[in-house]
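Please walk me through how this chain is put together. Begin with the helix packing, then turn to the sheet and to single buried positions.

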Amino acid sequence: MNGSNHHPLVRPSMFSLSVALLLLGAPLAFGDSLVWKGIASPNVTITKVKDGEIFYTSGTATEVHKPLSEITKITITTEPNLTAAEDAYAKQEWTKAAAAYKLVVDKTPLVWLKNWASIRLVESANKIEPPRIDLVCTGLIPLIQADPKSAATIELVMPKADSGFLDDAIKQAKAALGLRPKPDVELPLLNLLYKLQSAKGDIAGSDETLAQVLKLDPSNKLALDAAIHKSLISIQTDFAAKQYDKVIAAVEGAEGQKFTATADQADALFLRAKSMDAKAAASTKVEDWKDVALAYLQVASNFPGDVHVGESLLRTADILEKQVKDADEAKKLYKQIATDPAF
């Protein structure tokens with residue numbers, strides 16, 4: 001195991017409006033408006049949205065285009081729900097904004113506007129307390145269907161496991177999967193369902209979903225990372241059950257080799273050290289206790305800054321003092337702990 005690796009699990013970042021919004025939609029009536037970088041452009045005719053940009057004319061035949069990521073507000077004379085949504089969004093009234101954007105998503109015939117409203121719906125619903133993951137999925141699923149690569153990177157803010165919003169969100173994801181989407185859409189929908197089931201604590205359901213993910217994509221990072229995490233949970237369960245030999249064998253064997261993330265490696269080695277410590281409890285052999293001290297030191301030396309380092313060093317010093325009877329080394333370690341600002 002290499003302590004220098006970084007945790008591979010992805011905390012998805014905010015996705016790009018300019019990538020997520022897709023094309024299409026008929027021209028709008030003259031008299032609409034938009035705000036670009038705080039500059040209002042009234043009485044425009046929006047002609048299309050293409051390649052992450054919005055195209056419009058304003059009093060002349062010359063077509064102007066701006067990046068959608070720089071557009072802060074759109075007003076359409078025939079879309080009163082959009083006006084209400086954009087106004088609430090600007091005031092950070094997230095519940096009102098989400099409700100209004102949902103109406104736009106449900107009713108507008110314009111494909112590009114449905115995408116715009118879906119993005120704003122996701123952003124607004126994520127900021128409601130408790131998070132309205134059901135409304136997030138109402139906006140996110142159409143985006144996945146329109147542009148799966150971009151939409152799959154959106155950050156999800158999950159409510160508590162017993163939230164009814166999670167139940168509704170799971171139903172939405174399953175319904176979308178029931179439409180037999182193409183693989184490029186099915187995979188991010190499965191990823192979404194897995195995250196929802198995991199937040200719900202549905203172990204059987206999430207395992208089944210992961211199996212479908214790996215069937216579609218054997219190298220899928222989410223599924224592989226989840227499998228690694230399950231291995232760590234299994235080791236933690238064995239430790240709690242005092243199955244110390246199983247813990248040590250797993251960490252030192254093939255299971256331990258799976259851990260590439262620093263945090264997972266540190267957790268695994270710390271559980272190994274604690275298992276060796278528990279096994280040595282009745283031993284009077286100095287060599288046994290030296291092995292335990294070395295196991296704790298491996299955690300401290302390989303993962304500086306990890307949450308287990310302080311406890312590992314303290315336990316090492318205690319073992320040196322009381323079991324190994326090396327007072328000088330114990331004293332040095334205690335002094336190091338006392339003077340190191342990291343502890």
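In this predicted model, helix 4 meets helix 5 through a long list of side chains. From helix 4 come Lys114, Asn115, Ser118, Ile119, Leu121, Val122, Ala125 and Asn126. From helix 5 come Leu135, Val136, Thr138, Gly139, Leu140, Pro142, Leu143 and Ala146. By type, the residues of this contact are 10 nonpolar, 5 polar and 1 charged. The two helices pack at about 140°, and their axes are 8 Å apart. The crossing of helix 4 with helix 5 is left-handed.

Helix 4 has another helical partner. Helix 3 covers residues 94-107, and its axis comes within 8 Å of the axis of helix 4. The two cross at roughly 155°. The cut-off for roughly antiparallel is an angle over 145 degrees, and helix 3 and helix 4 are therefore roughly antiparallel to each other. Their crossing is left-handed. Helix 3 brings Trp94, Ala97, Ala98, Tyr101, Lys102, Val104 and Val105 to the contact. Helix 4 answers with Leu113, Lys114, Ala117, Ser118, Arg120, Leu121, Ser124 and Ala125. Here the split is 10 nonpolar, 2 polar and 3 charged. Some residues of helix 4 serve in both contacts. Lys114, Ser118, Leu121 and Ala125 are among those that meet helix 5, and they also belong to the contact with helix 3.

Now follow helix 5 (residues 133-146) to its contact with helix 8 (residues 183-200). Their axes come within 10 Å and cross at roughly 165°. That angle makes helix 5 roughly antiparallel to helix 8. This crossing is right-handed. On helix 5, the contact uses Ile133, Cys137, Leu140, Ile141, Ile144 and Gln145. On helix 8, it uses Val185, Pro188, Leu189, Leu192 and Leu196. The tally is 10 nonpolar, 1 polar and no charged residues. Leu140 appears here, and Leu140 is also one of the helix 5 residues that meet helix 4.

Helix 4 also leads to the sheet. Helix 4 (residues 111-126) lies across strand 2 and strand 5, and runs at about 125° to strand 5. What is the order of the strands in the sheet? The 5 strands form an open sheet in the order 4-3-2-1-5, with antiparallel pairing. Strand 4 (63-67) and strand 5 (71-75) are at the edges, and each has a single partner strand, so one side of each lacks a neighbour in the sheet. From one strand to the next, the twist averages 45°. As a general point, strands of a sheet pair through backbone hydrogen bonds, either parallel or antiparallel.

Look at the individual pairings next. Strand 1 (residues 32-36) and strand 2 run antiparallel and are joined by 4 bridges. Val35 stands opposite Ala40 in strand 2. The hairpin of strand 1 and strand 2 has 2 residues between the strands, and Lys37 there takes a positive phi near 50°. On to the next pair. Strand 2 (residues 39-50) is joined to strand 3 (residues 53-57) by 5 bridges, again antiparallel. Val49 faces Ile54 in strand 3. Ile46 has Tyr56 of strand 3 as its bridge partner.

Two single residues deserve a look. The first topic is Gln197, which lies in helix 8. Is Gln197 buried or exposed? Gln197 counts as buried because its relative accessibility is 3%, and the cut-off is under 20%. Leaving aside neighbours within four places in sequence, Gln197 contacts Ile170, Lys174, Asp202, Gly205, Ser206 and Thr209.

The other is Val213, in helix 9 (residues 203-216). Val213 is buried as well, with a relative accessible area of 1%. Beyond residues up to four places away in sequence, Val213 touches Leu187, Leu190, Asn191, Asn220 and Ala223. The C-alpha atoms of Val213 and Pro188 are separated by 9.0 Å, although the two are 25 residues apart along the chain. Pro188 is also one of the helix 8 residues in the contact with helix 5.

Finally, step back to the whole chain. The chain has 16 helices and 5 strands. Of its 343 residues, 45% are buried. Among contacts between residues at least 6 apart in sequence, 56% join residues at least 24 apart.

How values were computed:
Residues are numbered from 1 along each chain as its sequence is written. This is a predicted model: local features need pLDDT of at least 70, side-chain atom pairs count only at pLDDT 80 or more; totals for chains, interfaces and linings use all residues. Side-chain values use heavy atoms; hydrogens and water are left out. Two strands pair if DSSP finds at least two bridges between them. Axes are lines fitted to C-alpha atoms, for helices over the stretch in contact, and angles run from 0 to 180 degrees between N-to-C directions. Contact means heavy atoms within 4.5 Å. Buried means under 20% relative accessible area, exposed over 50%, partly exposed in between (1.4 Å probe, protein chains only). Angles under 35 degrees count as roughly parallel, over 145 as roughly antiparallel, 65 to 115 as roughly perpendicular and the rest as oblique. A crossing is left-handed if the near helix is turned anticlockwise from the far one by less than a right angle, and right-handed if clockwise. Ala, Val, Leu, Ile, Met, Phe, Trp, Tyr, Cys and Pro count as nonpolar, Asp, Glu, Lys and Arg as charged, and the others, Gly among them, as polar.
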